[in-house]
Amino acid sequence: MAVSYAGAGAVGTITLDKPPANSYDIEMVAELGAAIDEAAADAAARVVVVRSASERFFCAGADIKAFLANDADANMEMIRTAHRTLSRMAAADQAFVAWIAGHALGGGLEIALACDLRYARAGDYRLGTPEITLGLLPGNGGTQRLTRQIGRGPALELLLTGRTVAPAEAQALGIVGAVLDDEEAFTAHVEKLAAGPPLAIAGIKRCVHDGAERPLEDGLELERERMEALFRSKDAIEGLTAFVEKRTPEFTGS
């Protein structure tokens, strides 16, 4: 399989593995969707890492030869499938985290943008949306998610020029949250995130992903609803008690 999910307690992993560059077609997108569903159903997982088996590529984007071989209707079916697939990461309760350790281009960067968080390994590789050089636009959510992530002006500059950036500039633009020296540093960061309260993680995701699409007052109402549910949870009592007792909280998701 080109995409697989492996659960390991609080941290699950989705691995892209289609040599040489993880260039995807509709079958790979379907496998990614199945892996996302498997991760979302994993009750033990609090964080899901999306990563590549390749040392050079996170994902080079869509298979251009497949685009050429297909007609417009077939290509649009892949776009629609990708939209449905990538949106499921935001809908899941777990925090989805992209670990970018190689080239993330076009649809590859769009996969990462659909994750809740993105971190990059220091290295000599590029991130970007070069679809305009093919007479296309980033059609797997790139025009929308990149704009929401870094703002209209910076997003338009990248989208209209097709310019790619190194990890350091990706961090400066806000595409990735941090550039880390190695995988060990990333693993430590993810494990800390996975020790957090799952109910609060899910609540924050809903407030951000759903609330941002609503008028302010509706978003605030959603925030109040989620806050009340957390106040009534055992995790909140544990977190508040641990703070007063000056100890590390042990969250159970209840």
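Two strands are counted as paired if DSSP finds at least two bridges between them. In this predicted model, strand E2 (residues 11-16) and strand E3 (residues 47-52) are joined by 6 bridges and run parallel. This briefing covers the pairing around E3 and then one helix packing.

**Strand E3 and its partners**

- Of the 6 residues in strand E3, 5 are buried, which leaves the strand mostly covered.
- On the E2 side, threonine 15 lies opposite arginine 51 of E3.
- Between E2 and E3 the chain passes through helix H1 (residues 26-40), and this β-α-β crossover is right-handed.
- Strand E5 (residues 95-100) also runs parallel to E3, and 4 bridges join the two.
- Valine 49 has valine 97 in E5 as its bridge partner.
- As a general point, side chains in a regular strand alternate between the two faces of the sheet.

**Packing of helices H3 and H9**

- Two packed helices are described by the angle between their axes and by the distance between those axes.
- Helix H3 (residues 72-91) packs against helix H9 (residues 198-209) at an angle of about 125 degrees, and the axes are 9 Å apart.
- H3 is therefore oblique to H9, because the angle falls in neither the 65 to 115 degree range counted as roughly perpendicular nor the range over 145 counted as roughly antiparallel.
- From H3, the contact is made by Met89, Ala90 and Ala91, while H9 contributes Lys205, Arg206 and His209.
- Sorted by class, the residues in this contact are 3 nonpolar, 1 polar and 2 charged.

How values were computed:
Residues are numbered from 1 along each chain as its sequence is written. This is a predicted model: local features need pLDDT of at least 70, side-chain atom pairs count only at pLDDT 80 or more; totals for chains, interfaces and linings use all residues. Side-chain values use heavy atoms; hydrogens and water are left out. Axes are lines fitted to C-alpha atoms, for helices over the stretch in contact, and angles run from 0 to 180 degrees between N-to-C directions. Angles under 35 degrees count as roughly parallel, over 145 as roughly antiparallel, 65 to 115 as roughly perpendicular and the rest as oblique. Contact means heavy atoms within 4.5 Å. Ala, Val, Leu, Ile, Met, Phe, Trp, Tyr, Cys and Pro count as nonpolar, Asp, Glu, Lys and Arg as charged, and the others, Gly among them, as polar. Buried means under 20% relative accessible area, exposed over 50%, partly exposed in between (1.4 Å probe, protein chains only). A crossover is right-handed if, with the strands pointing away from the viewer, the path from the first strand over the helix to the second runs clockwise.
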